[in-house]
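Grab a pencil and work through a few exercises on charged side chains. Have the sequence and the model open as you go.

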Amino acid sequence: MLMLLFTYFSAELGLNEHHQNEAINYMRFARFKRGLCLKTVDSCFQDLKDSRLVEETFTVDEVIDMLDGLRTVVHSEVESELINTTYTNVLLLRQLFSQAEKWYLKLQTDVSELENRELLEQVAEFEKSEFTSSNKKPSADLIKPKLAPLHEGGSELLNKTVACLQEENEKLKTRLKTIETQATAALDEKSKLEKSLKDLQMIQGDQKVNIIKISDIAELENKVAALKCQFEKTLNDSTANQKFLEENLATTKHDLLKVQNQLSTAEKELEKKFQQTAAYRNMKEILAKKNEQIKDLRKKLSKYEPED
């Protein structure tokens, strides 16, 4: 049952076990100081009763004078206790801040939370559970008259911190080795992929060259086919022209022979007709006479020529 209550209020205050015990020790100290303050106030009233309330009747002025005196004494005692409580809280904060500054920590406080009624009621319930309702004596584990020395606590915390850092360092080393192994494998895989990519690019290049060659051959074949068609067309046209020219030549030769024959016939007829004319006959006779005269003259000349 005690463990259940401890767990419940520990969860309410939001502290771990060590800090929970520290809070209980401070509350015990505060309860003791509060008890002393209440006893002092009670003694003030008791002194008043013992010293002044010795008669059966008092006047109004006497009552007022006694109350003013009591008020002054109580006010002084309460003020002194409140001031002492404030200074005590400052000393407690100083201890906490000194330990924090030892490790270069900066603590922060929220003064507004000190008047949070809900939290104050939780603390009241916690105090009631720990001190009032149980009426138990403080256990030896909870009695801690002072904080641990700074150098001892610092060394322990430092050792824990170093151990944690070493453990974290080992984890990081292991992780680094794993990452290095993965990086090496990735680099090897990258090299293989680059080599495969180069081979693939070379194959694609050869295929492109082959495709270009095939396209060039196809283009050349198309050009040859076109030239062949054009040549065949030209050849057919030439053959037709040749046949046409040969036919024309034969016709021309035939016409030429016909014209020559006609011309020869016409010349013969013309010569025949010319011979039959009077002019031709007279000219022929004149030529014949001239030839006779030339013969006579040659004979006469031959007589007069000297012999060799």
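**Exercise 1.** Does K223 count as buried, partly exposed or exposed, and what is its relative accessibility?

*Solution.* Keep in mind that this is a predicted model. Start with the number: K223 has 47% relative accessibility. Buried needs under 20% and exposed needs over 50%, so K223 counts as partly exposed. Next, look at its partner: K223 makes a salt bridge with E219, with 3.9 Å between the closest N and O atoms. E219, at 42%, is also partly exposed. Finally, place the pair: both sit in helix α5 (residues 150-275), 4 residues apart, so about one helical turn separates them.

**Exercise 2.** Find which parts of the chain the R34 and E127 salt bridge links, and sort both residues by accessibility.

*Solution.* First the contact: the two side chains meet at 2.8 Å, N to O. R34 lies in helix α2 (residues 17-51) and E127 in helix α4 (residues 117-132), so the bridge spans 93 residues and links distant parts of the chain. Now sort them: R34 is partly exposed at 40%, whereas E127 is buried at 17%.

**Exercise 3.** Do the same for D65 and R52.

*Solution.* Their side chains form a salt bridge at 3.3 Å, N to O. D65 belongs to helix α3 (residues 60-102), while R52 is in the loop between α2 and α3, 13 residues away. D65 is partly exposed at 44%, and R52 is partly exposed at 33%.

**Exercise 4.** How many salt bridges does a search of the whole structure find?

*Solution.* The search turns up 5.

Conventions: Residues numbered from 1 in each chain as written. Predicted model: local features only at pLDDT ≥ 70, side-chain atom pairs only at ≥ 80, totals over all residues. Heavy atoms only, no water. Salt bridge = Lys/Arg side-chain N within 4 Å of Asp/Glu carboxyl O. Helix = DSSP H or I, 4+ residues; strand = E, 2+ residues; numbered from the N terminus. Buried < 20%, exposed > 50% of the residue type's maximum accessible area, 1.4 Å probe, protein only.
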